[in-house]
Amino acid sequence: MRNVVIVGGGYGGLKILNGLLSQALPEDVRITVIEKNPYHSLKTEFYTIVAGTAADIDVRMQYPKDERVQYIFREVEDIDVENETITVNRKTDRVISYDYLIIGLGCEDNYHGIDGADQYTQSVQTFSKARKAALAVGNSEAYSRVSIVGAGLSGIEVASEIRESRPDLNIRLLDRGGSVLKAFDKRIQAHVSDWFVKNDVEVLHYANVEYVEKDGVCNNGICYVNDVTIWTAGVLPHHLVRALPYEKDDEQRVIVNDYYQVPDGKNVYIVGDCASSDHFMSAQLAGQQGEHIAGILGDVLHHRKPKKPSRIKLKGSLGSLGSSDGFGNMYNRPMTGLLPRLAKSGVLWMHKRD
Ligand SMILES: Cc1cc2nc3c(=O)[nH]c(=O)nc-3n(C[C@H](O)[C@H](O)[C@H](O)COP(=O)(O)OP(=O)(O)OC[C@H]3O[C@@H](n4cnc5c(N)ncnc54)[C@H](O)[C@@H]3O)c2cc1C
């Protein structure tokens, strides 16, 4: 038997799994998915979990059932690329061997070495951490102070969703630059800034968080007393990926060839937030890479020479400002208001039916 092991069943891992299952695979191929949660998590919706505007069940999907796949719902503790084994946590360790390995473990918060950030802030990067953040926000007393550090896409969505969920809270967004969403068009930046003014979310520009304490954030020499602090100020690839003995880019993502293979170990493929790319990390990117990898691996498993994948073509990004407003740059056209918000719901709907 040849064992194809997929570690991480997120946007990239699931796309590869579905892509492989849609093909007639050779009889000797067996697929093993190792994923810590017994469901696929819709990470792009975690801001709704944090704000308490969606239930868990709305933000997860069941994995496909197929006799060619076995699932191991355990946390990966070690990836040994020399001996080609994966160790998962159990009461007694369990070791799984692979012939082909796909790594799609996603990313983690980057605390940039800021004291107290890891210890005292809430995170939106995993389902369990988003649930923990939801408890902190949901259990906070009337008029509590919530600070969100980082005004990129996830920070904006978290701040606006919490505002919609809890009109009483005092919400502050700390933005490193002079305008929120610095990667987006000026029209979008203006729309989002207006939304925050109208909806009473304070935005502090040119933020430079020096340290975080249990009860507050110290920024540019001023310490703000806080009840809940949420960290959305950058990410790094998963720590198991950062520890792999492979060449990495400046963001510690593994450098891959045109076939998403690690040049030093061509039976190892990297997808999504863990793989070096010219593009910014996103679910859309992970999905397209996943489609490519499924095609390449299908050829490899049939002992055919894989075709070089086409260039990645991203459609643009969409973001929400609560349930009825949003923004996006679709096919390079800036859009604001209800339309991009509906488009975002449409993308989610399609992913759930994929
Ligand atoms: C709040 C928020 C909003 C976002 N909005 C958008 C958006 O609108 N559009 C967009 O394109 N992108 C968005 N993103 C980014 C997007 O979610 C990621 O880029 C995408 O999920 C990356 O896909 P992936 O397959 O690399 O990793 P993931 O989808 O994160 O999957 C990683 C998988 O690995 C599993 N895993 C992790 N560690 C272990 C372990 N030790 N053992 C076993 N399993 C493990 C996880 O449970 C998970 O299932 C958003 C992110 C956040 C946080």
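Me: Which residues are buried in α5?
Reply: In this predicted model, the buried ones in α5 are L153, S154, G155, I156, E157, V158, A159, S160, E161, I162 and R163.

Me: And what makes α5 "mostly covered"?
Reply: Just the count: 11 of the 13 residues in α5 are buried.

Me: Take E161 as a test case. Why is E161 called buried?
Reply: The bar is 20 or more other C-beta atoms within 10 Å. E161 has 24 C-beta neighbours inside 10 Å, so it counts as buried. E161 sits in helix α5.

Me: What does E161 touch, leaving out residues up to four places away in sequence?
Reply: Y47, T48, A51, T53 and G322. For a long-range reference, the C-alpha atoms of E161 and N3 are 43 Å apart, with their positions 158 residues apart along the chain.

Me: How do you know that the span of α5 is close to what is expected?
Reply: Put the two values side by side: from first C-alpha to last, α5 reaches 18 Å, and at 1.5 Å a residue you'd expect 18 Å for its 13 residues.

Me: Now something at the other end of the scale. Why does G113 count as exposed?
Reply: Exposed takes 12 or fewer neighbours. G113 has 7 C-beta neighbours inside 10 Å, so exposed is the label. You'll find G113 in the loop between β10 (107-109) and α3 (117-120). From G113 to R90 is 23 residues in sequence and 32 Å in space, C-alpha to C-alpha.

Me: What is notable about the phi of Q252?
Reply: Phi of Q252 is near 65 degrees, a positive value in a residue other than glycine. As a rule, most residues other than glycine have a negative phi. Y260 also has a positive phi, about 65 degrees, and is not a glycine either.

Me: Where do Q252 and Y260 lie?
Reply: Q252 is in the loop between α7 (239-242) and β20 (261-262), and Y260 is in the loop between α7 and β20 too.

Me: Buried or exposed: how do you sort Y260? And why is Q252 called partly exposed?
Reply: Y260 has 23 other C-beta atoms within 10 Å, so with the bar at 20 it is buried. Q252 has 16 C-beta neighbours inside 10 Å, and partly exposed means above 12 but below 20, so that is its class.

Me: How do you know that the ligand lies between domain 1 and domain 2?
Reply: Domain 1 (2-36 + 74-108 + 235-301) and domain 2 (111-233 + 316-352) both give residues to the shell around the ligand, so the ligand lies between them. The centres of the two domains, taken over C-alpha atoms, are 30 Å apart.

Me: What makes up the shell around the ligand?
Reply: The ligand is surrounded by 35 residues, and the closest are G8, G10, G106, G272 and S282. Elements giving two or more residues to that shell are α1 (11-21), α2 (46-51), α5 (153-165), α8 (283-301) and β22 (316-320). By class, the shell has 12 nonpolar, 17 polar and six charged residues.

Me: Which residues have the most contacts inside the largest nonpolar core?
Reply: V50, I162, L173, V192 and I230, in a core of 47 residues. There is also a second, separate core of 40 residues, V7, Y11, V262 and I270 among them.

Me: And what does L173 touch beyond four places in sequence?
Reply: I148, A151, G155, A159, F196, V201 and V203. Of those contacts, G155 and A159 also appear among the buried residues of α5.

Methods
Residues numbered from 1 in each chain as written. Predicted model: local features only at pLDDT ≥ 70, side-chain atom pairs only at ≥ 80, totals over all residues. Near = placed C-beta within 6 Å. Helix = DSSP H or I, 4+ residues; strand = E, 2+ residues; numbered from the N terminus. Nonpolar A, V, L, I, M, F, W, Y, C, P; charged D, E, K, R; others polar. Domains from an automatic or database assignment. Core = buried A, V, L, I, M, F, W, Y, C linked by C-beta atoms within 7 Å. Contact = placed C-beta atoms within 7 Å. Expected span 1.5 Å × (residues − 1).
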